[in-house]
Amino acid sequence: MSCFYCDANHEGRNAIMFEVGEMKASTLYLFKDQAHKGRCVLALKEHKKELCECTPQELADYSEDLARASGAVKELWGCTKLNLASFGDSNPHLHFHIVPKYEGGFEFGGNFLITNPNPVHLTDAEYQEMIAALKEKLGI
Ligand SMILES: [Zn+2]
């Protein structure tokens with residue numbers, strides 16, 4: 001069965017995000033829509049649907065990954081508030097959206113849309129610069 005995060009070269013995933021690197025229990029991706037500067041996704045390496053299906057070790061490692069990855073986003077791009085959210089109704093492989101919000105900026109004070117009708121795309125060089133910055137900050 002095809003899975004958005006398990007398939008090594010899932011076309012739908014490759015269309016909307018870049019892989020940054022592997023952390024302890026998860027894989028970090030940079031979202032191509034950068035309407036929120038630094039937006040990422042952190043997906044569990046194992047195919048599990050829910051946090052409550054994780055082993056205690058996975059829970060510890062995944063929450064540490066989430067704190068470190070979101071912390072790196074905040075340090076690198078200086079958001080006002082990190083929004084962290086997990087939905088997955090139509091993509092049931094455990095993942096969290098890491099969405100930095102900037103006071104006075106896009107969607108600040110409200111919910112973020114999973115699929116932004118007006119995405120902000122960067123140049124390949126700009127994406128590569130962000131990916132390199134995340135890798136360096138996280139040592140991945
Ligand atoms: Zn999966």
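Begin with the whole chain in view, which holds 3 helices and 5 strands, where helices (H or I, at least four residues) and strands (E, at least two) are DSSP runs numbered from the N terminus. This is a predicted model, in which local features need pLDDT of at least 70 and side-chain atom pairs count only at pLDDT 80 or more, while totals for chains, interfaces and linings use all residues. Residues are numbered from 1 along each chain as its sequence is written.

Following the chain from the N terminus, you meet the elements in the order α-β-β-β-α-β-β-α. The radius of gyration, taken over C-alpha atoms, is 14 Å, close to the 14 Å that the globule rule (2.2 Å times the number of residues to the power 0.38) gives for 140 residues, so the chain is as compact as a globular protein of that length. Along the principal axes, the C-alpha atoms fill a box of roughly 40 × 30 × 30 Å.

Next, select the strands. An open sheet is formed by 5 strands in the order E1-E2-E3-E5-E4, with antiparallel pairing; two strands count as paired if DSSP finds at least two bridges between them. At the edges are E1 and strand E4 (81-85), each of which pairs on one side only. From one strand to the next, the twist averages 25 degrees, with axes fitted to C-alpha atoms, for helices over the stretch in contact, and angles running from 0 to 180 degrees between N-to-C directions. Zoom in on E2 and E3, which run antiparallel and are joined by 5 bridges; Leu-30 has Cys-40 of E3 as its bridge partner.

Now add the helices H2 and H3. H2 lies across E2, E3, E4 and E5, at about 25 degrees to E5, whereas H3 lies across E1 and E2, at about 20 degrees to E1.

Finally, select the largest nonpolar core, a set of 24 residues; such a core consists of buried Ala, Val, Leu, Ile, Met, Phe, Trp, Tyr and Cys residues joined through C-beta atoms within 7 Å, a residue being buried if 20 or more other C-beta atoms, placed from the backbone, lie within 10 Å of its own. Leu-28, Tyr-29, Cys-40, Leu-42, Ala-69 and Ile-98 touch the most other members. At least two core residues come from each of strand E1 (17-22), strand E2 (26-31), strand E3 (40-44), helix H2 (56-77), strand E5 (95-101) and helix H3 (124-138). Center the view on Tyr-29, which, leaving aside residues up to four places away in sequence, touches Met-17, Phe-18, Glu-19, Val-20, Cys-40, Val-41 and Ala-43, contact meaning C-beta atoms, placed from the backbone, within 7 Å.

Note on methods: Buried ≥ 20, exposed ≤ 12 C-beta atoms within 10 Å, placed from the backbone. Contact = placed C-beta atoms within 7 Å.
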